[in-house]
Amino acid sequence: MCSSDLGFLSFALAEAVSGSLASVNHIVVRSPSIAARWDDATHPRTLAADADVDLIIAGRLLRSGSQLRISAQLIDAMGTVRGSTTVDGSMNDIFALEDAFSTATVSLIRRHAGDDDGTFTMTVRRDVPASPRAFELFLRGSEEARRLERRSEEHTSELQSHHDLVCRLLLEK
């Protein structure tokens, strides 16, 4: 697995967690693609305001051979870490790793919400595709679409800069 493979796996894990969180009553979940617009230097206050959320889940993915470690932090809009979780697993059973991480992240949210009385109910189901190869190709295609969208946004910004320059030059004459 090379570094680019970790990109699609990161996206897949974020999608799996958001899908699991969406099954929790009383929680509104934003798409992980919203957070993809910002980089690691973006302050949580900015991301929370732009996405209209109270909490952010920030994750990290580390690999050593076929072993993976996935960590997540629950961060409030002011940047305070409210909790964290870590799951270790193997690339040999990526579906079990995805399920374990989704369950751990949902538990993190439930602990933060003080769900001692069972107010938040959840159904986590294991939707395993019939073909792991087809699922991998789907995830790779999703990552490529995100990469192309970012490139398109950069190109649009560049065109706007050129347009602004031309307008300034025309106004000066």
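The following paragraphs describe the overall make-up, the strand pairing and the salt bridges of a predicted protein model.

Residues are numbered from 1 along each chain as its sequence is written, and side-chain values use heavy atoms, with hydrogens and water left out. As the model is predicted, local features need pLDDT of at least 70 and side-chain atom pairs count only at pLDDT 80 or more, whereas totals for chains, interfaces and linings use all residues.

The protein contains 5 helices and 3 strands, where helices (H or I, at least four residues) and strands (E, at least two) are DSSP runs numbered from the N terminus. Read from the N terminus on, these elements follow the order α-α-α-β-β-β-α-α. Of the 173 residues in the protein, 29% are buried, a class defined by a relative accessible area under 20%, with exposed meaning over 50% and partly exposed in between (1.4 Å probe, protein chains only). The accessible surface amounts to about 11,000 Å², and carbon and sulfur atoms contribute 53% of that area; such areas come from the Shrake-Rupley method with a 1.4 Å probe, and for residues only the protein chains shown count as cover. Among the contacts (heavy atoms within 4.5 Å) with a separation of 6 or more, 49% are between residues 24 or more positions apart.

The pairing of the strands, for which DSSP must find at least two bridges between two strands, links E1, E2 and E3 in sequence order. Strand E1 (residues 55–64) pairs with strand E2 (residues 67–76) in the antiparallel sense over 10 bridges, and Leu62 has Arg69 in E2 as its bridge partner. The hairpin of E1 and E2 has 2 residues between the strands, and Gly65 adopts a positive phi near 65° there. Strand E2 is in turn joined by 9 bridges to strand E3 (residues 81–90), again in an antiparallel arrangement, with Ile75 opposite Val81 in E3. In the hairpin that E2 and E3 form, 4 residues lie between the strands, and Gly79 in the turn has a positive phi of about 100°.

Across the whole structure, 4 salt bridges are found, each being a side-chain nitrogen of Lys or Arg within 4 Å of a carboxyl oxygen of Asp or Glu. One of them joins the side chains of Asp76 and Arg82, at 2.8 Å from N to O; Asp76 is buried, with a relative accessible area of 10%, while Arg82 is partly exposed, at 48%.

Two further salt bridges lie within helix H5, which comprises residues 132–172. Glu143 forms a salt bridge with Arg146, the closest N and O atoms being 3.1 Å apart, and these two residues of H5 are 3 residues apart, about one turn of the helix. The side chains of Glu143 and Arg146 also make a polar contact (3.1 Å), a term for a pair of N or O atoms within 3.5 Å in which, within protein, one must be able to donate a hydrogen and the other to accept it, residues adjacent in sequence counting only if both atoms are side-chain atoms. Glu143 counts as buried because its relative accessibility is 16%, and, leaving aside residues up to four places away in sequence, Glu143 touches Gly7, Phe8, Phe11 and Arg150. The side chains of Glu144 and Arg147 likewise meet in a salt bridge, at 2.3 Å from N to O, and both residues lie in H5, 3 residues apart. Glu144 is partly exposed at 34% relative accessibility, as is Arg147 at 32%.
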